[in-house]
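Trainee: I would like to go through the charged pairs and the cysteines of this model with you, one at a time.

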Amino acid sequence: MAEKIIKEGIGWRLGWDPQREGYQGLVAGEAWAIELTALELKDFCSLLQQLAGTMASMAAELMPEETITCEAETELLWMEVAGFPDSYTIRFILNTGRGFEGGWEAAIVPDILHASYSLLV
C-alpha cells in the first residue's frame, strides 16, 4: 500500500500513511487516538476481522437472547469483542511498552470493520 488512507466516521478513525517513520497507522475513538506501527496495525486489522468472523459463525449456535465474548491476541495486541453476534463492542490493549487501551461501542463496529479491509497492510 503506497498511498495515505484515512477512513473515518462519527466516533472513529482509522488511518495508514506509509511515508511516516515509525508509526504509519492510526486508530482513534471519540476522545482518544493512538499511532501504531505497521505491524501493530496489521495485527489490529487481522484480529478484528478474525473475531468478526468468529462472531458471525456463532450466530447459529446461540439463542437469540444470548451474548458472547471472544478474544484473540498476538505478541503486539490483545482484542476482545463482546455482545450479540450481529451487535458487539470492541476493546483492545496494546501489548507493547506504550500501554494503551481503546475500544468502540457496537453501533460503530460495522464501519470500523469495513474500513479495516482497506487498511490491511
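Mentor: Let us begin with Glu 40, which at 3% relative accessibility counts as buried, where buried means under 20% relative accessible area, exposed over 50% and partly exposed in between, with a 1.4 Å probe and protein chains only. Please keep in mind that this is a predicted model, in which local features need pLDDT of at least 70 and side-chain atom pairs count only at pLDDT 80 or more, while totals for chains, interfaces and linings use all residues. Residues are numbered from 1 along each chain as its sequence is written, and side-chain values use heavy atoms, with hydrogens and water left out.

Trainee: With which residue does Glu 40 form a salt bridge?

Mentor: A salt bridge requires a side-chain nitrogen of Lys or Arg within 4 Å of a carboxyl oxygen of Asp or Glu. For Glu 40 the closest N and O atoms of the pair are 2.3 Å apart, and the partner is Arg 98. Glu 40 belongs to helix H1 (residues 38–58), whereas Arg 98 sits in the loop between strand E7 (87–94) and strand E8 (101–104), so the pair links distant parts of the chain, helices (H or I, at least four residues) and strands (E, at least two) being DSSP runs numbered from the N terminus. The partner of Glu 40 is therefore, at 31% relative accessible area, the partly exposed Arg 98.

Trainee: Which residues are linked in a network of salt bridges?

Mentor: Glu 80 forms a salt bridge with Arg 91, the closest N and O atoms being 3.5 Å apart; since Glu 80 lies in strand E6 (residues 77–84) and Arg 91 in strand E7, the pair ties together parts that are 11 residues apart in sequence. The side chains of Glu 101 and Arg 91 also meet in a salt bridge, at 2.8 Å from N to O, and this pair joins strand E8 to strand E7. The network therefore consists of Glu 80, Arg 91 and Glu 101.

Trainee: Is Glu 80 buried or exposed?

Mentor: Its partner Arg 91 is partly exposed at 33% relative accessibility, and Glu 101 is partly exposed as well, at 44%. Glu 80 has a relative accessibility of 16%, and so counts as buried.

Trainee: Why is Cys 70 not bonded to Cys 45?

Mentor: A disulfide is a pair of cysteine sulfur atoms within 2.5 Å, and a search of the whole structure finds zero of them. Cys 45 is buried at 0% relative accessible area, and Cys 70 is buried at 11%. The sulfur of Cys 70 is too far from that of Cys 45 for a bond, because the distance is 19 Å.
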